[in-house]
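Here are my comments on the structure, set out as numbered points, beginning with the surface and working inwards.

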Amino acid sequence: MSNPYYGEDDVNGLKYVSGIELDDEDWQFYTAAVFYKDGKFYTGIDSGCSCPTPFEDFKSLSDYDGPFTKEHIIKEWIPSLNGSSSELQVRKMHLRRYIQKWKEGDTNAPEYEEERRSCWSIGTRSSLGGL
């Protein structure tokens, strides 16, 4: 099955937007991510050891939370994220800025470049500029 987290076409039609790691452990992942489909946003939080990949067990749209508006993601979902990362507040700030700028079909726009670099430098995986 495909995994939109890795930019693969998803059978549910979801597109990966962006996400952050909530913890900083090398041997595990604790990932929060935002996905998009048909004008609505969906979210997911997944965790595990380093063997599986994030969101590999998300098989149907019902495995994700949503649909949500962009405003809900920015004002309610991102602030509610918790984790042990010492950089979590900075990561959440960059994710919030990125979602505010994001538009469907416009993920390689130059105005995203500064935010993309900021997300990558703090460990936030972003769909801008590829994987």
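1. The protein exposes about 6,900 Å², and carbon and sulfur atoms supply 47% of that area. Please keep in mind throughout that this is a predicted model. Of the 131 residues of the protein, 44% count as buried.

2. On the overall fold, the secondary structure comes to three helices and four strands, and these follow the pattern β-β-β-β-α-α-α when read along the sequence. Among the contacts in the protein with a separation of 6 or more, 49% are accounted for by residues 24 or more positions apart.

3. The largest nonpolar core has 18 residues, of which Val17, Ile20, Val34, Phe41, Ile73, Trp77 and Ile99 touch the most other members. Two or more residues of this core come from each of β1 (15-21), β2 (28-37), α1 (70-80) and α2 (88-101). A second core, separate from this one, consists of nine residues and includes Tyr16, Ala33, Phe35 and Tyr42. As general background, nonpolar side chains tend to be buried together in soluble globular proteins.

4. Val34 deserves a look of its own: leaving aside residues up to four places away in sequence, Val34 touches Lys15, Tyr16, Val17, Ser18, Phe41, Tyr42, Ile73, Trp77 and Ile99. Among these partners, Tyr16 and Tyr42 are included in the second core, whereas Val17, Phe41, Ile73, Trp77 and Ile99 are listed with Val34 itself in the largest one.

5. Turning to the aromatic residues, the count comes to eight aromatic pairs. The ring centres of Tyr16 and Phe35 lie 5.8 Å apart with their planes at 70°, so this pair is edge-to-face. The pair links distant parts of the chain, since Tyr16 sits in strand β1 and Phe35 in strand β2, 19 residues apart. Both Tyr16 and Phe35 are buried.

6. Which kind of aromatic pair do Phe35 and Phe55 form? The pair is edge-to-face, with 5.4 Å from centre to centre and 80° between the planes. Here, too, distant parts of the chain are linked, with Phe35 in strand β2 and Phe55 in the loop between β3 (40-49) and β4 (65-68), 20 residues apart.

7. Why does Phe35 count as buried? Phe35 has a relative accessible area of 0%, and the term applies because that value is under 20%. Phe55, with a relative accessible area of 1%, is likewise buried.

8. Finally, the two pairs described above belong to a wider grouping, in that Tyr16, Phe35, Phe55, Phe58 and Tyr64 form one aromatic cluster.

Terms used: Residues are numbered from 1 along each chain as its sequence is written. Side-chain values use heavy atoms; hydrogens and water are left out. A nonpolar core is a set of buried Ala, Val, Leu, Ile, Met, Phe, Trp, Tyr and Cys residues joined through side-chain atoms within 4.5 Å. Buried means under 20% relative accessible area, exposed over 50%, partly exposed in between (1.4 Å probe, protein chains only). Contact means heavy atoms within 4.5 Å. Rings of Phe, Tyr and Trp (its six-membered ring) pair if their centres lie within 6.5 Å; planes under 30 degrees apart count as stacked, over 60 as edge-to-face and the rest as tilted. Accessible areas come from the Shrake-Rupley method with a 1.4 Å probe; for residues, only the protein chains shown count as cover.
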